[in-house]
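Colleague: I'd like to learn how to read a model that comes with ligands. Could you walk me through it, one feature at a time?

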Amino acid sequence: MIMKKITLSLALCGFLFVGCTNEATVSKDSVTEQKANFVAAEEIGLRKQSVKDEKIVETKGVPYSVDAPGTSKKIERSFDNAPPMIPHDTEGMLPITKDSNQCTGCHMPVVAKDMGATPIPKSHFTNLRKEMGEKGRDLGEELYQGRFNCSQCHAPQAKLDPLVKNNFKPDFKNPNAKFQSNLIDSINEGVK
Ligand code: HEC
Ligand code: HEC
């Protein structure tokens, strides 16, 4: 039994050793072949510039919406309960800081109707980290702090010709979902 084990280990060692030497001695032919299949740094990305060159990484001249809030056209949601994208100008509003959040000035439910803005939904006044029904989950009129930084999820949009076409087509459960969310009512769908 012991002998068998020793022979087996010896055989294994031998096998590994052969494996190693094989790797170490890559034939000249395969190096030439690899070079022929080599992709140049300029060909890797869509911007056709060396991936090592960071100079033109920054996107300049992107035509974001300049329509003032109240004059822009809402954008169809990407899918059921997707965060709506910002259709209006955000000049002077970003970045949101601890002391300055203009978004809430128009979108808090108490003022939104008068401003003609979509009110921040119930889901943003809920602490989803707590169990359903647990005290403290429903925050009433207090915005959950995890939702304070609006632009983390809601982004301004620009009209551009995408380099890669997106063929995704959403299937809305009902036509209203294209311009409205109902996450707080449907979040437990399918959960017993
Ligand atoms: C001066 C008021 C005002 C401010 C400030 C404002 N918004 Fe708006 N927002 C509106 C109005 C009004 C609309 C509806 C579209 C329109 O009429 O232009 C809107 C639309 C939106 C929508 C689309 C809602 C939907 O139903 O599709 C999102 C998302 C949004 N705003 C997010 C933000 C964020 C994030 C900020 C802060 C960076 C912000 N807004 C600041 C007034 C405002
Ligand atoms: C962590 C991501 C996240 C953050 C942060 C966030 N939202 Fe949302 N928001 C969403 C998602 C996802 C939805 C759609 C599902 C839902 O209603 O919860 C949404 C929906 C909305 C809607 C549409 C409501 C409706 O009835 O259709 C508005 C308006 C909105 N958010 C405004 C805001 C504002 C203003 C802030 C900042 C104070 C903010 N959100 C912060 C993810 C976020």
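Modeller: Gladly; we will go from the overall fold to the surroundings of each ligand. Keep in mind that this is a predicted model.

Colleague: Let's begin with the fold. How many helices and strands does the protein chain have?

Modeller: For a fold, start by listing the secondary-structure elements in order. Here the protein chain has six helices and zero strands, and along the sequence the pattern reads α-α-α-α-α-α.

Colleague: And what share of the protein chain counts as buried?

Modeller: Burial is read from relative accessible area, with buried meaning under 20%. By that cut-off, 16% of the 192 residues of the protein chain are buried. Contacts add another view: among those with a separation of 6 or more, 49% join residues 24 or more positions apart.

Colleague: Now the ligands. Which residues come nearest to ligand 1?

Modeller: A good habit is to list the shell, then pick out its closest members. Ligand 1 has 23 residues around it, and Ser72, His88, Cys103, Cys106 and His107 come nearest. Helix 4, residues 102-107, gives the largest share of that shell, with four residues.

Colleague: Which polar atoms face ligand 1?

Modeller: Look for pairs of N or O atoms within 3.5 Å. Two histidines pair with nitrogen atoms of the ligand: a polar side-chain atom of histidine 88 is 2.9 Å from a nitrogen of ligand 1, and for the side chain of histidine 107 the distance to a ligand nitrogen is 2.8 Å. Glycine 70 takes part through its backbone, with an N or O atom 2.8 Å from an oxygen of ligand 1.

Colleague: What is the chemical make-up of that shell, and where does ligand 1 sit?

Modeller: Sorting the shell by residue class gives twelve nonpolar, nine polar and two charged residues. As for its place, ligand 1 sits in the largest pocket.

Colleague: Let me try ligand 2. Which residues are closest to it?

Modeller: The same reading works. Of the 24 residues that surround ligand 2, the closest are Ser123, His124, Cys150, Cys153 and His154. Their classes across the shell are eleven nonpolar, eleven polar and two charged.

Colleague: Which side chains make polar contacts with ligand 2?

Modeller: Among them are two serines: serine 123 has a polar side-chain atom 2.5 Å from a ligand 2 oxygen, and serine 181 has one 2.5 Å from an oxygen of ligand 2. Histidine 124 places a side-chain N or O atom 2.8 Å from a nitrogen of ligand 2.

How values were computed
Residues are numbered from 1 along each chain as its sequence is written. Chains are lettered from A and ligands numbered from 1 in the order in which they are written. This is a predicted model: local features need pLDDT of at least 70, side-chain atom pairs count only at pLDDT 80 or more; totals for chains, interfaces and linings use all residues. Side-chain values use heavy atoms; hydrogens and water are left out. A residue is near a molecule or strand if one of its heavy atoms lies within 4 Å of it. A polar contact is a pair of N or O atoms within 3.5 Å; within protein, one must be able to donate a hydrogen and the other to accept it, and residues adjacent in sequence count only if both atoms are side-chain atoms. On a 1 Å grid over the protein atoms alone, a cavity is a set of points where a 1.4 Å probe fits but cannot get out, and a pocket is an open set with protein on both sides within 12 Å along at least five of seven lines; lining residues have an atom within 4 Å of a point. A molecule sits in a cavity or pocket if more than half of its atoms lie within 2 Å of its grid points. Helices (H or I, at least four residues) and strands (E, at least two) are DSSP runs, numbered from the N terminus. Ala, Val, Leu, Ile, Met, Phe, Trp, Tyr, Cys and Pro count as nonpolar, Asp, Glu, Lys and Arg as charged, and the others, Gly among them, as polar. Buried means under 20% relative accessible area, exposed over 50%, partly exposed in between (1.4 Å probe, protein chains only). Contact means heavy atoms within 4.5 Å.
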